[in-house]
Each structure stands twice: as structure tokens, then as C-alpha cells.
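Let's take a look at how some helices and strands are put together here. The model comes first, then a short tour.

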Amino acid sequence: MFVLRQSDKEACIKFLQDLVRIPSPTGQEEKVAERLAEEMERVGFQEVRVDRVGNVIGRIGKGSGKKLMFDAHMDTVLPGDLASWTHDPFGAEIVNGVMYGRGTMDMKGAMAAMVYGTKALLDASVHLDGDLYMVGVVSEEPSEGVAVRSLVEEEGFRPDYVLLGEATNLQVSPGHRGRVLIRVDVHGRSCHASRPEEGVNAIYAAARVIFGIELLPAHFLTDPVLGSGSVTATEIKSIETGSHNVVPDLCSFTVDRRLTLGETVNKALAEIDQVVKREGANADLRVEEFDLKSYTGHLLHVREAYPAWLMPSDHPLVEATVRAVSESLGYKPRLVPWQFSTDGAYTMGEAEIPTVGFGPGDERLAHTADEHVNVTDVVKAAQTYAQIAVETLGTT
């Protein structure tokens, strides 16, 4: 069992304040990356480097054997309407043991805890039977897993296990549903609005399709742990004609389809295609894709399709994490899947690298005004991360 010294508890929280006070929206993580690398070097990581996409990678260990990767993303969403905050989103104010600010729980709290959990291992002169890597990743918010994919497929680094620090309220997450963003372009025929019968209104056709999509969940699969798939339209727009008296010949909308185990991207596309055909609409479907540039200038291609994944409760990584939480915090954690999507969509969902989640904070606070984290939970997470490394890799 690891217990942080009082000086390290204070340093961990001060480090978290530093991170929160540095705005790091996607594509602008450079300053946080510099601060993270600086702290890694200060506490004694054996190796600290930045890869081509901007991920910060620190390592301790014997340089051989199994590799455990701690994953924490450096980017955050923007604070939004500042009037909705009662605390400065970049102030990192602590009130009654709670730190407020953008990124406190999503997920700079875990990032600070991972650094100081590693320091606890170093201070205790623990010799891991393998290597522990702590990685601050970029660009997770717009596309979970895209930076880790680069690390694995471009940099050639493949860990044996991944521990995600996304918020779990100090419980353990074994997985989550997948998701796919589908663009639907519904075509019509333009004409003057005074004679609508001479055209085909793409908005009307899209409305029929959307109503049909709303009825789809009755036929979705259900998993006993992850629950059912879901679907919702999230954005709609018609072509700008330059006039309000033109019947539009194009209406596009986006569908967010959450996938449970057994559901695939092709299944999701086929379901919507059936609705389109039933409604007699003329429409094109495609998975949304875009290019994303990291702060280093490296270009990442994103396809908005992320599979569901779920670790068995008796997998060695899950059991090791449960043991670590029990040893560190004195209770047996519950296995609670996330409602949102994480880098695990790539690490476990695609690359099939055993992955599990543990972190401070309540996931319901993600992307909200007055986002916050209990500073005591950050310290508890740090102590538990050290124990997770020992339970997963063993010692020599």
C-alpha cells in the first residue's frame, strides 16, 4: 500500500492547478505538454520524450518485460458561456476541498495523479518487473483514440496493458458502448416556393427519414452490462439558396448512433438505409470523416467510428485493478462501464490491447460549467495508480 508524503500531496495538487490554469483546447496542448514533461523529469522519470503527434511519453522500469501504459489526455473542450460558471474556468480555485476549472476531472486530475503515483513508486524504490509508461495524449476530445493509434501504428509502441484515467468516481470501468457519426444527405428537386408541387422538398423528405430513425431503437440489441444501443439526430441543415422562397434540393443531418456489443457500423448504416428506402427518399449515407492537425503540425485522419468494448470481469488486468483499489482504498470497487467513449475504443475495441479505467471525479461533470474534482480523490487516485502498477506488472 502506498501513501503519499504530505509534501507530495501538496505538490500533486499544485501541479494540477498549474495544468488547469493552462488552457489546452484541442490543437493547443503545447504548453500543457511542456509542463507535463517538466514535471515528469522533475519527479524522476527515467525517460521523457514527445512523439511526432505531440504525445508526451514518460517511462520507468527495467527496460524489458511487459509494458503498462497509463493514458491521460491533455486536451479539453472550451469552457463555453463564461456567464454559466461561478468559478473562473482557468482559476483552479479550491473551495472546501474541491477544485473548480475546465479539465479538473476531464482529465487533468488523473494526469497529475498518474505523475505522482509514479513518483511514489520511485520514492519507495520499487523495481517493477516490466515498464510503466505514462502518456499524455493529444486530440482525444474530437476523436478518442486517434493519438493512441498514431503512437501504436506510426511510432511502433504497443503496450501490453492500458489503464485509462477517465473519471470513474474511484470505481473501475471495464468498457463502454461504441459510437458512429453518420451523415445523411437527402436530395430533392428545387423550385420556386410559390409552386412547391413542382419540386421535391428535401426538408420534408429528411423529416420523414428522421421520424423513422427515431423509431429504430425498438429493434436494437441489448447487452447485460453495456445496455442497449441508441440513436439520435444531432444536427440538421438545408442548402443555402440565397432566398427564402426557394424549395431546397438538399437537406443534411447527422446521426449519433451508440453501439452496444454485437452492433457494428455496417449494421447502423443498413438500418438507416432501410428507413430511407421505406420512406421513398433519395439519400446518401456516409460515416463522417475529417483531418485533424495536432499542435506539432502532424496531420491525423479521423473516421468517426468507434467500436464497443468490454473486458471480462475475470481478466487478469481487471482483477489486478480491483485488487489495487481494494488494497489502497479499503473497499472492493464496482465494475461500472462509462456512458461516454474513451481511448479504449481504439486500444481495446480495435487493437485488442487489454484496457481498464480508473480515475477521480464524476463523469457526469464532463464538459459542464463549474467542472470540478475533489482534491482528496486525486491523492487517492495517485496512491492507487502506484498499486495498480505493482499488481499488474509485479516486482523483482
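## How two helices cross

This is a predicted model, and a good place to begin is the crossing of α1 and α3, which is right-handed. The axes of helix α1 (residues 6–20) and α3 come within 9 Å and cross at roughly 145°.

On the α1 side, the residues that meet α3 include Asp8, Phe15 and Leu19. Among the α3 residues they face as a group are Lys108, Met111, Tyr116 and Asp123. Sorted by class, the α1–α3 contact has eleven nonpolar, two polar and four charged residues.

## Thr118 in α3

Helix α3 covers residues 104–123, and Thr118 is part of it. Is Thr118 buried or exposed? Its relative accessibility is 0%, so Thr118 counts as buried. Apart from neighbours within four places in sequence, Thr118 is in contact with Phe45, Ile60 and Leu132.

## The little matter of the sheet

There's also an open sheet of three strands, in the order β4-β5-β22, with antiparallel pairing. β4 (94–95) and β22 (372–374) stand at the edges with a single partner strand each, so one side of each has no neighbour in the sheet.

Strand β5 (residues 98–100) runs antiparallel to β4, and two bridges join them. In this pair, Ile94 stands opposite Met99 in β5.

## Helices across the strands

Back to α3: this helix lies across β5 and β22, at about 40° to β22. Helix α9 (residues 375–393) lies across β4, β5 and β22, and runs at about 65° to β22.

Key
Residues are numbered from 1 along each chain as its sequence is written. This is a predicted model: local features need pLDDT of at least 70, side-chain atom pairs count only at pLDDT 80 or more; totals for chains, interfaces and linings use all residues. Side-chain values use heavy atoms; hydrogens and water are left out. Helices (H or I, at least four residues) and strands (E, at least two) are DSSP runs, numbered from the N terminus. Buried means under 20% relative accessible area, exposed over 50%, partly exposed in between (1.4 Å probe, protein chains only). Contact means heavy atoms within 4.5 Å. Axes are lines fitted to C-alpha atoms, for helices over the stretch in contact, and angles run from 0 to 180 degrees between N-to-C directions. A crossing is left-handed if the near helix is turned anticlockwise from the far one by less than a right angle, and right-handed if clockwise. Ala, Val, Leu, Ile, Met, Phe, Trp, Tyr, Cys and Pro count as nonpolar, Asp, Glu, Lys and Arg as charged, and the others, Gly among them, as polar. Two strands pair if DSSP finds at least two bridges between them.
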